[in-house]
Amino acid sequence: MGGTRMDGTPGDDGHADGNPAGQNHTPAARTPESRPPETNTDHSGTATPPPPPQPKPTPDPEPEPASDPAPSRPRRRRILRRSLGALLALLLVPLLTAEAALWVNYTGDPAPGTRTRGRDALWLGHAWVDGRKAERDVRDLARRLRGTGIRDLYVHSGPLEHDGTLPASAYRKARWFTAAVHRELPGVRVQAWLGDVLATETPDGLRLERAATRTAILASTRAVLDAGFQGAHFDLEPLHSGDRNYLALLDDLRGLTHARGAVLSVAAHQIDPLPALHSLAGTATGHPKWWSQAFFGQVARRVDQIAVMSYDTMQPSQSLYGGYVAQQTSLALEVTPDGTDLLMGLPFYHENRFGHWAHAETVPAAVRGVRLGLSRTDAGRARFGVALYVDFAATEADWRAYRDGWAATPPTAS
């Protein structure tokens, strides 16, 4: 949400005097018509006829006054300013109204008991399965997670190739990592986080409309499950609302994962905060960003877990961001079936770029927003949690805010 920013004199009006240079002016009392004809006498005394009368010079016609644009140009400028002002008002009034609603969403107190249900998740970077991490790192991670509500780890194991294939070298330490986690954190599941850029807004990327690509993704999923992962977590972006090929892929993936006793989860785009905003954004920018609430529900019914990427929201303050998260939580709860885990993303990173202000998108604001949305919509929802993005960018303050605001359990000493 934002906006954009947007400046003759007449010629000389001299007149011709109607007299050629050097010509004498006739006295006012004697006009050429009343004077007698003059005669000249030469030196011999012979009279000569007077010279023929000279025609009276015709004065140059006065130039037509040039049309003066000065009065019309200011008028056009005024009309333009008024038109721009009206257009700006049309854009700003709904925006300011929506922002005011978000601020109101952030007020009030969360209901008692709106805390962790033990179904939280954490996104982990690629270093855990490519050989950069060791046993002591797993022990440190276990100390960090004990006493929290984290049950699932989404460890980055891709990305997929644009044709849907996945080289085994991308996750070569997967079996070691999953075994180490199960030893240190019994009951915590490890899922392979797979994704790629989709060719929805650029020429390059993964194309879900190709049946061969979807078939390759299924084969890649079988491979990561064979490597010891207990589930597959997909993050495909930018995924446009209403993508039928994505829904078809999820149907196939669910059949595969359930046959293997594994979990299918996805990272989901945010839901339209205003009706049909994804369509307006897609028309104006080519990047819809949001999903319709109906499409979100269609996705949620096909998976075991759906984690909303409730960050990168373009909100400029903590209260507006927290109100936005509260709204997203309510919208998602309304269409997520009771049998699907709904997780709301928390921003465990601190970048400043377009769409994300670190001073606004904080963990305390997100946690409060989650609790408020849960309180107002379905305070007793059991299959609900938060997902922390991402381990390698998190600070101690982020972990403390998660524990104090949501997990409410001190770390367990080892």
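**Salt bridges, turns and unusual backbone spots**

M314 sits in the loop that runs between strand β8 (305-308) and helix α8; helices (H or I, at least four residues) and strands (E, at least two) are DSSP runs, numbered from the N terminus. The model is a predicted one, in which local features need pLDDT of at least 70 and side-chain atom pairs count only at pLDDT 80 or more, while totals for chains, interfaces and linings use all residues. Residues are numbered from 1 along each chain as its sequence is written, and side-chain values use heavy atoms, with hydrogens and water left out.

M314 has a phi near 70°, a positive value in a residue other than glycine. Its relative accessible area is 16%, so M314 is buried (under 20% relative accessible area; exposed is over 50% and partly exposed is in between, with a 1.4 Å probe and protein chains only). K289 tells a similar story: its phi, too, is near 70°, a positive value in a residue other than glycine. K289 belongs to the loop between α6 (277-285) and α7 (293-300), and with 19% relative accessibility it counts as buried.

The backbone also holds some cis peptide bonds. One of them joins E237 and P238, with omega at about -10°. P238 is found in the loop between β6 (231-237) and α5 (244-259). Another cis bond runs from Y389 to V390, and there omega is near 10°. V390 is part of the loop between β10 and α10 (396-407). As background for these spots, most residues other than glycine have a negative phi, and most peptide bonds are trans.

Turning to charged side chains, a search of the whole structure turns up 17 salt bridges, each being a side-chain nitrogen of Lys or Arg within 4 Å of a carboxyl oxygen of Asp or Glu. One of them pairs R183 with E135, whose closest N and O atoms are 2.7 Å apart. This pair ties together distant parts of the chain: R183 is in helix α3 (residues 174-184) and E135 is in helix α2 (residues 135-145), 48 residues apart. R183 has 47% relative accessibility and counts as partly exposed; E135, at 30%, is partly exposed as well.

A salt bridge between R381 and D338 has its closest N and O atoms 3.6 Å apart. Distant parts of the chain are linked here too, as R381 lies in the loop between α9 (363-378) and β10 (384-389), and D338 in the loop between α8 (318-335) and β9 (341-347), with 43 residues separating them. The partners sit in contrasting surroundings: R381, at 7% relative accessibility, is buried, whereas D338, at 56%, is exposed. Elsewhere, R119, R151, D152, R189, D341 and R383 are joined into one network by salt bridges that share partners. Within that group, the side chains of D152 and R151 meet at 3.5 Å, N to O. D152 is buried, its relative accessible area being 0%.

Finally, A127 is placed in the loop between β3 (120-124) and α2. With 15% relative accessibility, A127 counts as buried. Leaving aside residues up to four places away in sequence, A127 touches R132 and K133, where contact means heavy atoms within 4.5 Å. Its C-alpha atom is 8.9 Å from that of V155, a residue 28 places apart from A127 along the chain.
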